[in-house]
Amino acid sequence: MTDKTNIIRLTAAQTAEKIASGELTAVEVTEAHLARIEAVDEKVHAFLHVDREGALAQARAVDEKRARGEKLGPLAGVPLALKDIFTTEGVPTTVGSKILEGWIPPYDATLTRKLKEADVVILGKTNMDEFAMGSSTENSAYGPTGNPWDLTRIPGGSGGGSSAALASFQAPLAIGTDTGGSIRQPASVTGTVGVKPTYGGVSRHGMVAFSSSLDQGGPCARTVLDAALLHEVIAGHDPLDSTSIDAPVPPVVEAARNGSVAGMRIGVVKQFRGEGYQAGVVQRFDESVTLLEELGAEIVELDCPSFDLALAAYYLIAPSECSSNLARFDGLRYGLRAGDDGTHSAEEVTSLTRESGFGPEVKRRIMLGTYALSSGYYDAYYGSAQKVRTLITRDFEKAFEQVDVIVSPTTPTTAFPIGERADDPMAMYLADLCTIPVNLAGNAAMSLPCGLAPEDNLPVGLQIMAPAMKDDRLYKVGAAVEAAFVEKWGHPLLEEAPSL
């Protein structure tokens, strides 16, 4: 089983097992994935930086541990693609922006540290929409990423690099961040699995901030079990993050190993369909609901009227927080500095740096947010949006009194062509229609593949939503659905992806 093609097709769980048993070495596994990156990433552009030497050094350390008879963790030696929003000591962190080009962080994010402590091998940093603002990875200052199913289409965003790395078999695991759907929407359009944990479930220390009350790191993988194993590694309380939840991590791995929906009540929200939803997406979603019934679940229709206001509330709250967070990029402390030739004042240097360092979408959101927070408009805009957020949270609370989990399509359409929505911000924002309510309420959610849309043969995602700190329910339902679909199709969905 040392053939490199076979190695890259293994799940993370299988890879870890083979490393632990000695059938494969961590170095062999890492080299196979580095070779794959070299072979296909010129076309896909999933990575912004590949840390070849660092990855091989980590892999050698795992093999040495095994040789000494030390106990290895459940993901020891398994390669991972890390979204370029988490600081990595000694390795560039750009957040997809020119303003941080060439910045080498002096410390690791808590999530990065946890990965290293678990002996997960970090292959490099993945492409993303600048500062995680976008739904297509087209807003990266370093160029777009292609969807491995069709390289002329988007891989989702903001974490398109991570999802594309998984779908093109460049890594069996990846890390994303989800502010309004940036883990789940890329998973949906690439036929992979993505989980947004409960807000505060995974530390944000060392994760470059976009919208602090919404941002949440989480696991991305090709199977539900792999996502659960990664979730368990990165989750847990962190005193360095004031919003981190001081409670035990939900039993996600146990849930993923014991998938079942028998006797569960599963909600379907009537607001998550209608105009703007692609026919093939609705068809695959309806089939998924039928499947859940066949597996023993009771389906309950839910009415959550405030969900219709989620998109508007989000695009006031997120830009407002971004305008505050991004004020730190002033050209004086770190990153890019423009106009510092002795003829400009400090204010002019800051202005010139931001002009040349921030891209159009980031500037748009800073302006939106600054306006929404300005004197005289605060209550009308930001204050009202926060009230809507409370209504959305209440709608979820009422819904979860009736059901165990809620399901919906992850995104209204399949992957759209690169460039199609570049000049239409509203059309782009609609990609997150189904994912945003969960972020506003702080709940947990997962996207997993539920088939290909008949009209374009592209992946469709099923979204599962659970109450805060009930992340294990996602994995229990997700594992049951995944097993039923794989049995129906005869193989995992990604085996149908065209060869690169």
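Where does L494 lie? L494 lies in the segment after α17. I shall return to that residue towards the end, once the surrounding elements have been introduced. Please keep in mind throughout that this is a predicted model.

Let me start with the sheet. The model contains an open sheet of 11 strands with mixed pairing, and the strand order is β1-β3-β2-β4-β6-β5-β10-β11-β9-β7-β8. At the edges stand β1, residues 47-50, and β8, residues 298-302, each of which pairs on one side only. On average, neighbouring strands of this sheet are turned by 30° against each other, direction ignored. As a general remark, strands of a sheet pair through backbone hydrogen bonds, either parallel or antiparallel. Both arrangements appear in what follows.

I turn to the edge formed by β1. This strand is joined to β3, residues 121-126, by three bridges, and the two run antiparallel. Which residue of β3 stands opposite H49? That residue is K125. A helix also belongs to this part of the picture: α3, residues 26-44, lies across β1, β2 and β3, with β2 spanning 79-83. The direction of α3 is at about 20° to β3.

At the other edge, β8 has β7 as its partner. Five bridges join β7 to β8, and here the strands run parallel. Within this pair, I266 has I299 in β8 as its bridge partner. How does the chain get from one strand to the other? From β7 the chain crosses through α10 to β8, and this β-α-β crossover is right-handed.

The connecting helix deserves a closer look. Helix α10 comprises residues 279-294 and lies across β7, β8, β9, β10 and β11. With respect to β9, which covers 405-409, α10 runs at about 150°.

Helix α10 also packs against another helix. In general, two packed helices are described by the angle between their axes and the distance between the axes. For α10 and α17, the latter being residues 471-489, the angle is about 105° and the axes are 11 Å apart. The two helices are therefore roughly perpendicular to each other, since angles of 65 to 115 degrees count as such. On the α10 side, the contact is made by E287, S288, L291 and L292. From α17 come V477, V481, A484, F485 and K488. By character, the residues of this contact divide into six nonpolar, one polar and two charged.

Next, I would draw attention to some backbone details. Which peptide bond is cis, with omega near 10°? It is the bond from G157 to S158. S158 is placed in the loop between β3 and α6, the helix of residues 160-167. That loop also holds T137, whose phi is near 65°, a positive value in a residue other than glycine. T137 counts as buried because its relative accessibility is 0%, and the limit for that term is under 20%.

M469 likewise has a positive phi, of about 65°, although it is not a glycine. Its place is in the loop between β11 and α17. Is M469 buried, exposed or partly exposed? With a relative accessible area of 26%, M469 is partly exposed.

Let me now consider two buried residues in helices. S162 lies in helix α6 and is buried, its relative accessible area being 1%. Setting aside residues up to four places away in sequence, S162 touches A81, K83, T126, N127, A174 and I175. T112 is found in helix α5, residues 110-117, and is buried at a relative accessible area of 0%. With residues up to four places away again excluded, T112 touches L82, F86, T87, T88 and I122.

Finally, I come back to L494. This residue is buried, with a relative accessible area of 7%. How far apart are L494 and D471 in space, C-alpha to C-alpha? The distance is 25 Å, and the two are 23 residues apart in sequence. Which residues, then, does L494 contact, leaving aside its neighbours within four places in sequence? They are W149, A167, F169, T190, G191, T192 and R222. With that, I conclude the presentation and welcome the discussion.

Definitions and conventions
Residues numbered from 1 in each chain as written. Predicted model: local features only at pLDDT ≥ 70, side-chain atom pairs only at ≥ 80, totals over all residues. Heavy atoms only, no water. Pairing = 2+ DSSP bridges. Helix = DSSP H or I, 4+ residues; strand = E, 2+ residues; numbered from the N terminus. Axes fitted to C-alpha atoms, helices over the stretch in contact; angles between N-to-C directions. Contact = heavy atoms within 4.5 Å. Right-handed = clockwise from strand over helix to strand, strands pointing away. Parallel < 35°, antiparallel > 145°, perpendicular 65-115°, else oblique. Nonpolar A, V, L, I, M, F, W, Y, C, P; charged D, E, K, R; others polar. Buried < 20%, exposed > 50% of the residue type's maximum accessible area, 1.4 Å probe, protein only.
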